[in-house]
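Work through the exercises below with the sequence and the 3D view open side by side. Try each task before reading its solution.

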Amino acid sequence: MGQTTSSPEHVEKGEIVQEFTKEELQTLFYHRCELLLKPIELAFLKEDFKGRDSITTEELAKILKFPDNDNPDLSQTITALFQVMKTIGTFPFLKSNSNEKLLFEELVVSLIFFSGRYKKIFSRDYDFLKLFFLGLSDRPQTKESVANNEKKEVSEPPKFKASLIVALEEEEKLELKARKINWSKLDIVKDYDGANIEELLVNSKRLQNIVTLCLILNSIVRQNQDSIPKQFADSVGRWSEFEVYSLYLLRYADVYLTPDKLLQQDITYQMFNSGVHGLLPYFFQINLNRMVCDAVLSSNKFTQKIEEEKKVDSTETTVRKKHTFPKFQESKLVSIPFLSYVSSILQGINNPTMLTTSNLVKLYAGSQAGFSIRSLETKIFKWQAPTLVVVSGKRVKSKTMQTNRRYQKFDEMYPRHFLALENHLRDWQNDNDKIAYAVLVNQPWKNSNKNNFGDEKSLILSILPRADYFKSVHSNILKGELIYFNNLGMGLGFGNNQPLNKNETKRFIPGDVSLTIEANLEFAVFRHLVNLSSNNDKFFQNSQQSDVAQEDYEDRFTITSIEVWGLLVSGKELEEQRKQWEWEEKQAEARQNVNIRSMGEERAFLEMAGLVGNHGAAGGSM
């Protein structure tokens, strides 16, 4: 190209408009994108292509440095990415084309969108998520496009008007001409090349594969560039673990998705738009950016330590000299895929809390320390920083309700909302559901048998069978005091008023949105009431998920696992916790240094009682 086919046209308000053919606009947009690549990045890309003008799906996987893996889901994910890059690569025209390979120019354009650099082209914030959905969708060829294809050989190519920032000069280079076009004002940019996105569908399984890949990319620690390929390969080897959580995320878009029918279920744009914007507004852009920057855009890689990491490293070195914090080990509930899943939700809802393997310490696990309120108290009360409580189990079945006396006792203490004969399960709830919730507790734990504690940074997360979140209500009266730890037989409450516990009368007072764990750590209830309020204080907001927001429901479950993890959020909290642990160690050493052998008469008495001393000697009754 290089020659424009028409002279500039001056319209009202001094705007300059010029006409271009489809091929001219595509070429100019490619050159505009190429300007956003650094010379070294462009050189590496050309080297990856090895003189070819196009690549296959398998060759794209190698360029993106995907590990060799026989997993069919990974193969399908690469195919889906290839399709998206083919569609976006022809921007600003988005109609599908017949070329089975990905052209070099298409790769460059798609990389600019995946990396987020497209924001330097458009004067307004272009909706990348809409473009991404369009690329993933199954788009039948429209009658209009068929007609256009038939007319190609017999008619002159159509022209498209483009608004210019400054008039073009004939002898200018393509790069300069590309910069003078106001791409935001192109009609085909504004209407996504005439695509009727509201009618488009994306297969749920295909979308799940992309979400799984993004969760894997989100799990990679990028402090050492050389370790990224191994981390990527290791996580891909755990695909099925990440895949479980990807389904829970997708259920925020459609609560009725089922794992055995994903190939037959589709996601509409309305579902995708409300689900992603409500829970994961930055999820795809951030992780696709990581993918291309880790593998392709070499000069954008994380090749140096940032100051914050240096501070963390120096702090850890200091701590090791004084006190060694336990190294992170995955547990039954908290794993690398779990952390990627929860941290994605926290980031999506603008919660500043970071969950990483370097700032989490396991304080309590019921499977190890025992399911006891006293054991839980012993393990978590000395932690002087925020904590994450994770509780999971199985939905209480009707047989348990009718025959288990411990549940019946709990049920008597917990006020009913649904009638006994009423089906309390909603359409998206099933008898065989596994259920898990997590609670972010910002303040240190304490006995609260009379008054609640906490603040408005507390947060309840639905972990499975679907992702959801419940933020604390802002109230100058309640002040976020929404947690109690009652060791007098009433357990733990999040979003409840203080339970009634006197004169042999025990009764919970749950909030409309609340999580209640009874004292034996055996049963729990998450309650979400919208239509008929309990008239109790409301500490947490309702769900924002479109299918759930206006529904009254409960999740009653038998607890199978419960864990509490400590979070080291800041250097100050790290230092305070270190001092606390060092003091406890000194107290323990002081108790151990008591020399029983020098206790004289006291020792003789203890020997008579059989508590110390001659345990091997024959003795009689006392």
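The exercises that follow go from the whole chain to single residues, and the model they concern is a predicted one.

**Exercise 1. The chain as a whole**

Task: State how many helices and strands the protein chain has, and what share of its residues is buried.

Solution: Begin with the secondary structure of the protein chain, which comes to 22 helices and 19 strands. Next, turn to burial, where buried residues make up 51% of the 622 residues in the chain. Finally, look at the contacts with a separation of 6 or more, of which 72% are accounted for by residues 24 or more positions apart.

**Exercise 2. Two helices that pack**

Task: Find how helix α4 and helix α10 are oriented to each other, and which residues make their contact.

Solution: Locate helix α4 at residues 72-89 and helix α10 at residues 204-219, and note that they pack at an angle of about 95°, with their axes 9 Å apart. Angles of 65 to 115 degrees count as roughly perpendicular, and α4 and α10 are therefore roughly perpendicular to each other. On the α4 side the contact is made by D73, Q76, T77, A80, L81 and Q83, while α10 contributes K205, R206, N209, I210 and L213. Sorted by class, this contact of α4 with α10 has four nonpolar, four polar and three charged residues.

**Exercise 3. A residue at the end of helix α6**

Task: Decide whether L136 is buried or exposed, and list what L136 touches.

Solution: L136 belongs to helix α6, which spans residues 128-136. Its relative accessibility is 1%, and since buried means under 20%, L136 counts as buried. Leaving aside residues up to four places away in sequence, L136 touches A80, Q83, V84, V202, R206, L207 and I210. Among these, A80, Q83, R206 and I210 also take part in the contact between α4 and α10. As a last step, compare sequence with space: L136 and T87 are 49 residues apart along the chain, and their C-alpha atoms are separated by 8.7 Å.

**Exercise 4. The loop after helix α4**

Task: Describe the peptide bond from F91 to P92, and say which residue K95 is paired with in a distance given C-alpha to C-alpha.

Solution: The peptide bond from F91 to P92 is cis, with omega near 10°, and P92 is found in the loop between α4 and β4. K95 lies in that loop between α4 and β4 as well, and with a relative accessibility of 35% K95 counts as partly exposed. K95 and D193 are 98 residues apart in sequence, yet their C-alpha atoms are 7.4 Å apart in space. For another cis peptide bond, go to the step from L464 to P465, where omega is near 15°; P465 lies in the loop between β11 and β12.

**Exercise 5. Two hairpins**

Task: For the hairpin of β13 and β14 and the hairpin of β15 and β16, find how many residues lie between the strands and which residue takes a positive phi.

Solution: Strand β13 (residues 483-486) and strand β14 (residues 491-494) pair in the antiparallel sense over four bridges, and I483 stands opposite F494. From β13, I483 and F485 point one way and Y484 and N486 the other way, and all are buried. This hairpin has four residues between the strands, and G489 takes a positive phi near 100°. Strands β15 (residues 497-502) and β16 (residues 505-509) likewise pair in the antiparallel sense over four bridges, with N501 opposite K506. Here there are two residues between the strands, and N503 takes a positive phi near 50°.

**Exercise 6. Positive phi in two loops, and the cysteines**

Task: Decide whether K65 and L521 are buried or partly exposed, and state how many disulfides a search of the whole structure finds.

Solution: K65, in the loop between α3 and α4, has a phi near 60°, a positive value in a residue other than glycine, and at 46% relative accessibility K65 counts as partly exposed. L521, in the loop between β17 and β18, also has a positive phi, near 55°, but at 1% relative accessibility L521 counts as buried. For the last step, the search of the whole structure finds zero disulfides. Two cysteines can still be placed by burial, since C33 is buried with a relative accessible area of 0% and C293 is buried with a relative accessible area of 2%.

Methods:
Residues are numbered from 1 along each chain as its sequence is written. This is a predicted model: local features need pLDDT of at least 70, side-chain atom pairs count only at pLDDT 80 or more; totals for chains, interfaces and linings use all residues. Side-chain values use heavy atoms; hydrogens and water are left out. Axes are lines fitted to C-alpha atoms, for helices over the stretch in contact, and angles run from 0 to 180 degrees between N-to-C directions. Angles under 35 degrees count as roughly parallel, over 145 as roughly antiparallel, 65 to 115 as roughly perpendicular and the rest as oblique. Contact means heavy atoms within 4.5 Å. Ala, Val, Leu, Ile, Met, Phe, Trp, Tyr, Cys and Pro count as nonpolar, Asp, Glu, Lys and Arg as charged, and the others, Gly among them, as polar. A disulfide is a pair of cysteine sulfur atoms within 2.5 Å. Buried means under 20% relative accessible area, exposed over 50%, partly exposed in between (1.4 Å probe, protein chains only). Two strands pair if DSSP finds at least two bridges between them.
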